[in-house]
Structures are given as structure tokens and as C-alpha cells.
Amino acid sequence: MSTLIHDVLANFFSKKQPQQTWIEYDSDWHSPCVISVAEDKDTCCWQAVKRNDNADLTNINNALGLELHPDIIAFYCGFYAPTLDAQFDGNNLSLIQAWNEEDFTILQENIIGHLLMKQKLKQAPTVFIAATDDDQYIISIDNASGAVMLEMVGKEPKRQLADNLADFINQLV
């Protein structure tokens, strides 16, 4: 796993945790990230948790016959954390993370679905890492180059936002 991506994510989480200390809580959706639950049981205090298991995305590689970019693997396999709101260049986004192991499984299924759509459309593979305020657009990583892209769902990426994932995350506020 990329130490750079791990360090950049850890720094991002430490910046965002004080800003978004309390998030929505679902008692049926357990996570190692939960530190405490509010008395009303509607919100919880969280902290990103480094994954101790050997999480990987080889099932995606095997299912689709491709090799995911190492930054994608490091991004999704390093931590359990909530999806967090952020801004890039004045635009709102939600950086996607896995909250627990079940969420990680669902995430992998969604990545496979996205990549199958890209194959069907005969487009280069990308993997989403964030949602935007506009449901028609996602933030993705170009699997070949590792560049972070703004992508209209079902279309080729529209604009490069950063040369790589570390640069992108470092620019988030």
C-alpha cells in the first residue's frame, strides 16, 4: 500500500474530524470508527481507523481482468472512515470511504458496476472516489495515469483536477 496515500488520508481525516465531529448514526450499521453515540442516538462521534486486515481489491482485478492503479487500492483499503464533505476549488464534494466491512463489500460491487459500464461504453477505466453536488458528475481516478478527473456519469472524463490522488487530497478543504 502506498505510504504517501496513507499519510495524506490520515492528515485529511485529522483535519476533517474536528470540523465534522458528529455525523449521522445508525445503530444497525456498526463501525469501528464510532467513538461515542449522542444521547439522542441520532449522531455519533467518529475517528478514522487504520485497517489491520489485508484488505485488497484483487477480486475486482480478477473479475474484470485489469490491474487497478495502486492509488485506488491505497485509497479504499487503508482505513475505515465515514464519507466526508469537503471542497475542491470552491466546489462541494463527498469523499467516499468504507464505514465498515459490509460497506467495503458494497463499495467493491459498485466499483465493478462502474467499470463494467465503462467497458460497455468502450471507455477507458476510471474509479470513482467522490460524489459532487451535481448528481451527473463524479470525481474519479484515471486507472492508467492515476490522474484525478471530473467525470460526467457515462461519459469520458471531462477535466483533470490533479495529476495524482495525493495532490488532489492535499488541496481539499
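A residue counts as buried here when its relative accessible area is under 20%, and as exposed when that area is over 50%. With that in hand, the tour can begin; please keep in mind throughout that this is a predicted model.

**First stop: the aromatic rings**

Select Phe12 and Phe13, both of which are buried. Show their side chains and compare the two rings: their centres are 6.1 Å apart and their planes meet at 55 degrees, so this pair is described as tilted. Now add Phe79 to the selection, since Phe12, Phe13 and Phe79 together make up one aromatic cluster. A search through the whole structure gives 4 aromatic pairs, and another of them can be found by selecting Phe75 and Tyr76, where the arrangement is edge-to-face, with 4.7 Å from centre to centre and 75 degrees between the planes. Phe75 and Tyr76 are buried as well.

**Second stop: a charge over a ring**

Move next to Arg51 and Phe104, and turn the view until the ring of Phe104 can be seen clearly. The charged end of Arg51 sits over that ring, at 4.2 Å from its centre.

**Third stop: helix α4**

Phe104 also leads into the next selection, because it belongs to the buried residues of α4, together with Asp103, Leu107, Gln108, Ile111, His114, Leu115 and Lys118. Around the helix axis these residues cover an arc of only 140 degrees, which puts them on the same side of α4. If you select the whole helix, residues 101-120, you can check its length: at 1.5 Å a residue its 20 residues should span 28 Å, and the C-alpha atoms at its ends are 29 Å apart, which agrees.

What covers the buried side of this helix? The elements that cover the buried residues of α4 include the helices α2 (58-64) and α3 (70-77), as well as the strands β8 (126-132), β9 (137-142), β10 (148-152) and β11 (157-162). Rotate to the face of α4 that is turned away from its buried side, and there you will find the exposed residues Glu109 and Lys120.

Before leaving the helix, zoom in on its start, where a side-chain oxygen of Asn100 reaches to within 3.2 Å of the backbone nitrogen of Glu102.

**Fourth stop: the loop after α4**

Follow the chain out of α4 to Lys122, which lies in the loop between α4 and β8. Most residues other than glycine have a negative phi. Lys122, although it is not a glycine, has a positive phi of about 60 degrees, and at 74% relative accessibility this residue counts as exposed.

Is Gln123, in the loop between α4 and β8, buried or exposed? Gln123 is buried, with a relative accessible area of 14%. Show its side chain, and you will see that one of its polar atoms lies 3.0 Å from the backbone oxygen of Gly154. When neighbours within four places in sequence are left aside, Gln123 is in contact with Lys118, Gly154, Lys155 and Glu156.

**Last stop: Lys41**

Finally, select Lys41, in the loop between β2 (34-37) and β3 (43-46). Lys41 has a positive phi of about 65 degrees although it is not a glycine, and with a relative accessible area of 57% this residue is exposed.

Note on methods. Residues numbered from 1 in each chain as written. Predicted model: local features only at pLDDT ≥ 70, side-chain atom pairs only at ≥ 80, totals over all residues. Heavy atoms only, no water. Phe/Tyr/Trp six-rings, centres within 6.5 Å; stacked < 30°, edge-to-face > 60°. Buried < 20%, exposed > 50% of the residue type's maximum accessible area, 1.4 Å probe, protein only. Lys NZ or Arg CZ within 6 Å of the ring centre and 35° of its normal. Helix = DSSP H or I, 4+ residues; strand = E, 2+ residues; numbered from the N terminus. Expected span 1.5 Å × (residues − 1). Arc of directions from axis to C-beta. Contact = heavy atoms within 4.5 Å. Polar contact = N/O pair within 3.5 Å; in protein donor to acceptor, adjacent residues only side chain to side chain.
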